[in-house]
Amino acid sequence: MQIRTRMSMSADGYVTTPGGWPALTADPAFVSGESHGSREFLEGCEAAVMGRTTFEPALNNDRWPWPNLNVFLLASHRPSGTPDHVVSDSDPARLLEKIRAANQGGDVHLVGGPRAIETFRALGALDKLELVVLPLLFGAGMQLTPSLSADAGLTFERERALPGGSVEIVYDLSGRGSDVPARDAGWSPASQKEG
């Protein structure tokens with residue numbers, strides 16, 4: 001089992017539009033669950049985990065967004081109308097244990113924004129960060145950092161061009177960046193210049 005997250009961002013680094021919508025929704029070529037490599041990403045996933053902010057809007061959808069996935073919810077309280085099959089917990093470590101106990105060998109899609117991603121990354125549970133960089137400029141919105149720590153220890157794995165000018169970039173976090181110097185370890189770009 002790997003916990004993988006996939007999010008989109010504008011070329012100027014925003015993961016949401018100025019109005020708070022996921023960046024991908026601003027792309028005229030966006031088709032929910034189909035475009036920008038989404039179908040391929042979800043093929044190996046058996047579960048989805050998310051926070052309350054991402055989950056609650058799904059309760060009002062005409063169609064359940066995760067019909068073929070086990071759903072896990074990180075929330076301090078269970079929202080009214082939550083289907084019985086959704087597993088919830090307020091403690092991320094306990095929820096992670098529930099995810100692992102239920103896992104049948106497939107991957108887990110970590111759905112959500114930078115705070116949810118950082119919560120699981122801080123537990124050492126995030127294996128892949130997949131970014132779809134869109135050929136759009138927003139000028140405002142939510143950025144990936146500082147909510148996701150700049151010390152995340154990303155290791156480039158692969159990239160590919162997507163139709164319409166977007167680029168998919170996949171980073172591995174399973175090594176947790178142990179070879180990346182911490183900010184407080186005296187490392188700076190200037191210290192790396194040859195003298």
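**His36, the largest pocket and the cores**

The side chains of His36 and Asp27 are joined by a polar contact of 2.9 Å, a polar contact being a pair of N or O atoms within 3.5 Å, one able to donate a hydrogen and the other to accept it. The model is predicted, and side-chain atom pairs count only at pLDDT 80 or more, local features need pLDDT of at least 70, and totals for chains, interfaces and linings use all residues. Residues are numbered from 1 along each chain as its sequence is written, and side-chain values use heavy atoms, with hydrogens and water left out.

His36 lies in the loop between strand S1 (3-10) and helix H1 (38-43), where helices (H or I, at least four residues) and strands (E, at least two) are DSSP runs numbered from the N terminus. With a relative accessible area of 8%, His36 is buried, a term that means under 20% relative accessible area with a 1.4 Å probe and protein chains only. Leaving aside neighbours within four places in sequence, the residues in contact with His36 (heavy atoms within 4.5 Å) include Arg6, Phe30, Val132 and Ser166.

Turning to the interior, the largest nonpolar core has 25 residues, and those with the most contacts inside it are Ile3, Val49, Leu95, Leu110, Phe120 and Leu131; such a core is a set of buried Ala, Val, Leu, Ile, Met, Phe, Trp, Tyr and Cys residues joined through side-chain atoms within 4.5 Å. A second, separate core of 13 residues includes Phe41, Ala48, Leu69 and Val86. Not counting residues up to four places away in sequence, Phe120 touches Val49, Leu74, Pro92, Leu95, Leu110, Ala125 and Leu126.

Notes
Buried means under 20% relative accessible area, exposed over 50%, partly exposed in between (1.4 Å probe, protein chains only).
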